[in-house]
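Please look through the chain below with its sequence at hand. The paragraphs that follow go from single positions to cores, a helix pair and a few side-chain contacts.

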Amino acid sequence: MNISYNWLKDLVEIDLPPRELAQKLTDAGLAVEGIHEFEDDFVFDIDLTSNRPDCLSHLGVAREVAAITNSKFQIPNSRLEENLESGISNVELVRIEDSDLCRRFTARIIRNVKIGASPEWLVKRLEAVGERSINNVADITNYVMHELGQPMHSFDLNKLGGKRIIVRRARQGETIKTLDEVERQLDETMLAICDAEKPVAVGGVMGGFDSGITEETTDVLLEVAYFKRESIRRTSRKLLLQTEASNRFERGVDIENLVRASNRAAELISELTGGEAGEFIDVYPTKFEAKQIESKDLQYTVKRLTGLDVKFDETERILNALGVESKIAPESRVYTVPSWRHDLAIEEDLVEEVARIVGYDQIADELPPAFGAGEYQPNEMRKMHLRQTLANLGFNEAISYSFIDSKNDDTFDLIPNFVYENLNEKFVALKDSIIEGAVRMRPSLLSGLLDAVRTNFNFQNKNLKLFEIGKVFSASNKENELPNERELLALVLTGSETLENKAMAVRELDFYDAKGAIESAIDSTNAPQVEFAEKEVKHLRKGQSAEILLSGKAIGMIGRLSDEISQSYKFKQSVFVAELDLQSLLDVHAHEIRYRPLPIYPSIVRDVSFLLKRKFSFSEIKQTIEDQGFELLRKVEFVDVYEGKGIAGDERSLTIRLEYRSNERTLTEEQVEEIHLKIVQSIEKSFDARQRI
């Protein structure tokens, strides 16, 4: 953004030399990257952040200078009076059909203009900020844009069909030749400025060639409008067309500045072209409502957040100079945000305004207060224990990108707690991806982990245990809302592990290693233990997959990666994965940890084998035994399963271990036998089983 030093001096009293002023602007957040001379002028090259569109003009920068130097500041005003001499009604001359994209549209007719070259002072002003002279009318609209920050466009009134303006969405298939003489295709997402027959400008981006000002023009229609920022940004990207106008509109202009800008331009056009400013139309469907920020004690808040001790009068002076007005309210003070400051919304924003004008360099080095220091966020300790447990099991924590390729859209079944009801697009798409091809916010952690597995395989690291804790994203079912986020835990393991002091050197990792890791991780958070139920999952191999249940509700999936996905990643060995909804798990209140002394009396252990149908599982038998509530029964464990010779094809032999103990005495065989017999009989009855001797 180029700003002329001499131009600034027309708007604000400046006693500082150019380079000193440039340093003060930089210190206040308007970074001056360079200064170059232009004849008798100095031009500042200011690098503005996207949240400060109010400084995309000499008026905005002059306001900043006045606040920094505590000097007088004046807004260029016009002596031109608004009138409706022709009697043309608003509806007849200007009609807004899509007010969601155009919140305000003003038009002014200037008759009997004489198009020609601009005077030297105007040409020099424009050349100083990098604009070339075109003709007097076009130069004036560019001049006012750089002065007041409001883009505008001039039409040849006699080239407009029906001599009227209709502001509407473009229709599919409509085209327009823009001022750069390029034929452009429009669509229904774009805002078009139309006459009674066709588009004559792309709203907020560029005017049309066929309705432009030429030497034959005698009557001008001057457009000064306010367009929705998101619409202009989208249109500019689609058309690959970025202009000075679109640069300002997509960041946000001052909706209350339109009349002043129109008056200023119309007055200059009348003076420099001999024209007569006539009819003025202002279509303003939804009036601007200023935001208000309440603060109980802004001076204290400035001190608390920055350490700066700024007096009340100085705080008020700074904010008033920047256009923020204040008034007393019951037990507080209310600050009204000006229409040109889209970036002020909360009390901390006002603190930042005060701090940057006073000077960030005035903030002293200081230790933060001790209260609250070092506190953990809710569930942080539980996640720490989870990480430590997985690390103790040999896992390494992975951190992968939140952006993934769209080719993964249908690769994985997503966790059950992400619901995509009534959505046309369940995934969150990026408009400007920072990694080529990565245009999705990840809905699953598995794609990143599997990429890590592939990278390790390429470096001949075949034995892996990885886990990741991170956010996944889904589109919101409400318009203009941020995406849904949820924290998941995922792990992957593959290859083998070495067993020390064993005759067999290695053991292949399998489904039960993944299952055990999940159970250990969950146990470390003191959450209720989960259950596993067989279920077909799209990205897992059939027969080696299960869903993870918490209190009967599915929260995740576990199993061996399917052959199709393994082939796509070129994996030549089994890969086991698990993914679960960590957020739901941690939302469950943690069990209270209670101390219990080690037993001092011996236990009695009985192994018992049953012949039963293959459809029954050990977990069902264990649950049945525990439900009987025998106080002396302390543990039920799986020992062995046998299928084969001597056993019917639809049966198997299941061996379980029962441990009995009392905390008060040593048990006798008779006491144990009585309970043991009841348990065996209940199993035989409940599962049609036979005890195998």
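**A walk through the predicted model**

Ser-154 lies in strand E6, which covers residues 153-156, in what is a predicted model. With a relative accessible area of 6%, Ser-154 falls under the 20% limit and therefore counts as buried. Once its neighbours within four places in sequence are left aside, the residues in contact with Ser-154 are Val-137, Thr-141, Ile-213, Val-220 and Leu-221. Ile-140 stands 14 residues from Ser-154 in sequence, and the C-alpha to C-alpha distance between the two is 9.9 Å.

From this strand we can turn to the nonpolar cores. The largest nonpolar core has 65 residues, and those that touch the most other members are Phe-105, Val-144, Ile-165 and Ile-193. Strand E13, made of residues 220-227, gives the most to this core, contributing seven residues. A second core, separate from this one, holds 28 residues, with Ile-469, Phe-511, Val-530 and Leu-550 among them. As for Val-144, its contacts beyond four places in sequence are with Gly-149, Gln-150, Met-152, Ala-261, Arg-264, Ala-265 and Leu-268.

Helix H9, which spans residues 258-273, contains Glu-267. Is this glutamate, Glu-267, buried or exposed? At 9% relative accessibility, Glu-267 counts as buried, because the limit for that class is 20%. When residues up to four places away in sequence are not counted, Glu-267 touches Asn-77, Ser-78, Arg-79 and Leu-80. Glu-631 lies 364 residues from Glu-267 along the chain, and 97 Å separates their C-alpha atoms.

A pair of helices comes next. Helix H10 (residues 298-306) packs against helix H12 (residues 347-358) at an angle of about 75 degrees, and their axes are 10 Å apart. Because angles from 65 to 115 degrees fall in that class, H10 and H12 are described as roughly perpendicular to each other. On the side of H10 the contact is made by Leu-298, Thr-301, Val-302, Leu-305 and Thr-306, while H12 supplies Glu-347, Glu-348, Leu-350, Val-351, Val-354 and Ala-355. Sorted by class, the residues in this contact of H10 with H12 are seven nonpolar, two polar and two charged.

Two loop residues call for a look at their backbone angles. Most residues other than glycine have a negative phi. Lys-163, although not a glycine, has a positive phi of about 50 degrees, and its place is in the loop between E6 and strand E7 (165-169). The relative accessibility of Lys-163 is 44%, so this residue counts as partly exposed. Ser-551 likewise has a positive phi, near 55 degrees, in a residue other than glycine, and lies in the loop between strand E27 (540-550) and strand E28 (553-561). With a relative accessible area of 73%, Ser-551 is exposed, because the value is over 50%.

The remaining positions bring in polar side-chain contacts. Ser-584 is found in helix H17, residues 582-587, and is buried, with a relative accessible area of 13%. Which residue does the side chain of Ser-584 meet in a polar contact? The partner is the side chain of Asp-581, at 2.6 Å.

Arg-606 belongs to strand E30, residues 604-613, and at 16% relative accessibility this arginine counts as buried, because its value is under 20%. Its side chain makes a polar contact of 2.7 Å with the side chain of Glu-669, and a polar contact of 2.9 Å joins the side chains of Arg-606 and Glu-673. Both of these glutamates appear among the residues that Arg-606 touches when those up to four places away in sequence are not counted, a list that also includes Ile-656, Arg-657, Leu-658, Tyr-660, Val-672 and His-676.

Arg-692, in strand E33 (residues 690-692), is partly exposed, with a relative accessible area of 38%. Not counting residues up to four places away in sequence, Arg-692 touches Ser-609, Phe-610, Leu-611, Tyr-642, Ile-647 and Ser-653, and with Ser-653 there is a polar contact between the two side chains, at 3.2 Å. The C-alpha atoms of Arg-692 and Glu-468 are separated by 46 Å, with their positions 224 residues apart along the chain.

Methods:
Residues numbered from 1 in each chain as written. Predicted model: local features only at pLDDT ≥ 70, side-chain atom pairs only at ≥ 80, totals over all residues. Heavy atoms only, no water. Helix = DSSP H or I, 4+ residues; strand = E, 2+ residues; numbered from the N terminus. Buried < 20%, exposed > 50% of the residue type's maximum accessible area, 1.4 Å probe, protein only. Contact = heavy atoms within 4.5 Å. Core = buried A, V, L, I, M, F, W, Y, C linked by side-chain atoms within 4.5 Å. Polar contact = N/O pair within 3.5 Å; in protein donor to acceptor, adjacent residues only side chain to side chain. Axes fitted to C-alpha atoms, helices over the stretch in contact; angles between N-to-C directions. Parallel < 35°, antiparallel > 145°, perpendicular 65-115°, else oblique. Nonpolar A, V, L, I, M, F, W, Y, C, P; charged D, E, K, R; others polar.
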